Structure formats: structure tokens, C-alpha cells
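Work through the exercises below with the model open. Each task is followed by a solution in steps.

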Amino acid sequence: MGLSAAAMPDTQLSMQAIHGLFAAHGASQYAGEPVTQLEHALQTAHLAEQSGADDELVAACLLHDLGHLLNLQVTGPNDTPTLRGVDDRHQRVVLPRLQGLFSARVLGAIEGHVDAKRYLCFAREGYFERLSDDSRRSLALQGGIFSACQAAAFIARPGAKDALRLRVWDDLAKQQGLATPTLAHFLDRAARCTSACPSGTG
Ligand SMILES: [Fe+2]
């Protein structure tokens, strides 16, 4: 299986294929930030783990930008879609590839992490001003800051709390040289909450 399976559209990824995606594309620069895609994923999962997050939320943190890696299979290394005015819809592209492997809770946190940014821009004083340039560019492409009605609808969603927690760690996971546990460590934690294992707690 491995990467050849990962390259096939709309097939469910295995844990081995996810490892293959990080091995093949993890060294690509995270758009406009001083970290690679792999470093960003590890730092997000690490911050979650340090905060006592359970396996499902750690898995969502590790995999929240996996859609970028799937897109890089097509566009090549160091692509920055936002500079071309493109929303790569990475939070949704990855969902059919993880469906059946991870729970609805994990998928919901991944899908919600973009809307969580739109929500926090509306709800949290100073949040927008702290976003990186690339994150501001993508915000505009993703629909911009939520209105009061959109924010109310978002926060009422079942997975909103997870998505917001993920988003805060996501925003902090752009630190050059930050030491983290290994990819194997976080893949092990993610594997514990795959469909082969009992579902984690909500
Ligand atoms: Fe991210």
C-alpha cells in the first residue's frame, strides 16, 4: 500500500499511507511560516498533548492540515495557493480519505478548524490582528470573518469546542526549532482511536 494508495483519489488512507504522506511531503515549507508541514503538524499535536487532550483530539491536531499534503501531491513542493488567490479547501479535501478510519468527532474537528478561525476573528478581541499574513490571505478566500449570525450557528455545532481548541494550538504551532515528540509517537496515539479500536470519549 503506502504512498501509491495515498495517491489514489477518494480511497481511504491507512495509517501507513498517512505516514507515507508525511514522509513524502512533510519537508515542504508551511506557507509563509518558519516551519515545515511536518513540524507544524507535530507542534499542533504536541501543544494538544501538553494540554491533556485525548487521543481523538491529538489525532485531529496531527492530521488537520493533511489536506495540504494531499494537494501538494498535485501542485508540487512549496506551493502557496493563497498567493494565487486559491482556497485549497484542505479542511474538506481530506475528509473522504479519513472517513471510516477516524470517528465523526475527529473529522469534525479537522473540518471545523477553518470555520473556527472565522469565528475567533469575530469573537476574540485582537485575534485577527495576530494572524500571520498567509492566514489572513486564506481567511479572505475562506469567506472572511463570521457575522454574528454565522458565529452563533458555528458555536452551536456539536464539534465547535474541539475545533476551537485545535485552532488555538494550530495558530501557536509555527515556532522555529520547537522540540516535539516524533511523528511515530503521534501516529501511535492516532492509531489508538482508529475504527479498529474502541472510540475515544467525547
Ligand atoms: Fe494548521
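**Exercise 1: the iron site**

Histidine 40 and aspartate 170 are both buried in this predicted model.

Task: Find the protein donors of the iron ion and state where histidine 40 and aspartate 170 lie along the chain.

Solution.
- Step 1. The donors are His40 (NE2), His64 (NE2), Asp65 (OD) and Asp170 (OD), at 2.1 to 2.2 Å from the iron ion.
- Step 2. Along the chain, these donors follow the spacing H-x23-H-D-x104-D.
- Step 3. Histidine 40 belongs to helix 3 and aspartate 170 to helix 12; the pair is 130 residues apart and links distant parts of the chain.

Task: Why is the arrangement around the iron ion irregular?

Solution.
- Step 1. The four donor atoms subtend angles of 80 to 170°.
- Step 2. A tetrahedral site needs all angles between 85 and 135 degrees.
- Step 3. The arrangement is irregular because of the angles that the four donor atoms subtend.

**Exercise 2: helix 12**

Task: Describe the span of helix 12 and what covers its buried residues.

Solution.
- Step 1. Helix 12 covers residues 160-172, and its 13 residues reach 19 Å from first to last C-alpha, close to the expected 18 Å.
- Step 2. Its buried residues include Leu164, Leu166, Trp169 and Asp170.
- Step 3. Among the elements covering the buried residues are helix 3 (37-50), helix 8 (104-123) and helix 11 (148-155).

**Exercise 3: threonine 194**

Task: Is threonine 194 buried or exposed?

Solution.
- Step 1. Threonine 194 sits in the segment after helix 13 (183-191).
- Step 2. Buried means under 20% relative accessible area.
- Step 3. Threonine 194 has 8%, so it is buried.
- Step 4. A polar atom of the threonine 194 side chain lies 2.9 Å from the backbone oxygen of alanine 191.

Notes:
Residues are numbered from 1 along each chain as its sequence is written. This is a predicted model: local features need pLDDT of at least 70, side-chain atom pairs count only at pLDDT 80 or more; totals for chains, interfaces and linings use all residues. Side-chain values use heavy atoms; hydrogens and water are left out. Helices (H or I, at least four residues) and strands (E, at least two) are DSSP runs, numbered from the N terminus. The expected span of a helix is 1.5 Å times one less than its number of residues. Buried means under 20% relative accessible area, exposed over 50%, partly exposed in between (1.4 Å probe, protein chains only). Contact means heavy atoms within 4.5 Å. Donors are N, O and S atoms within 2.8 Å of the metal (3.2 Å for Na, K and Ca); water is not among the atoms, so sites may look incomplete. Four donors count as tetrahedral if all angles lie between 85 and 135 degrees; four count as square planar and six as octahedral if opposite donors are over 155 degrees apart and all others between 65 and 115; anything else is irregular. A polar contact is a pair of N or O atoms within 3.5 Å; within protein, one must be able to donate a hydrogen and the other to accept it, and residues adjacent in sequence count only if both atoms are side-chain atoms.
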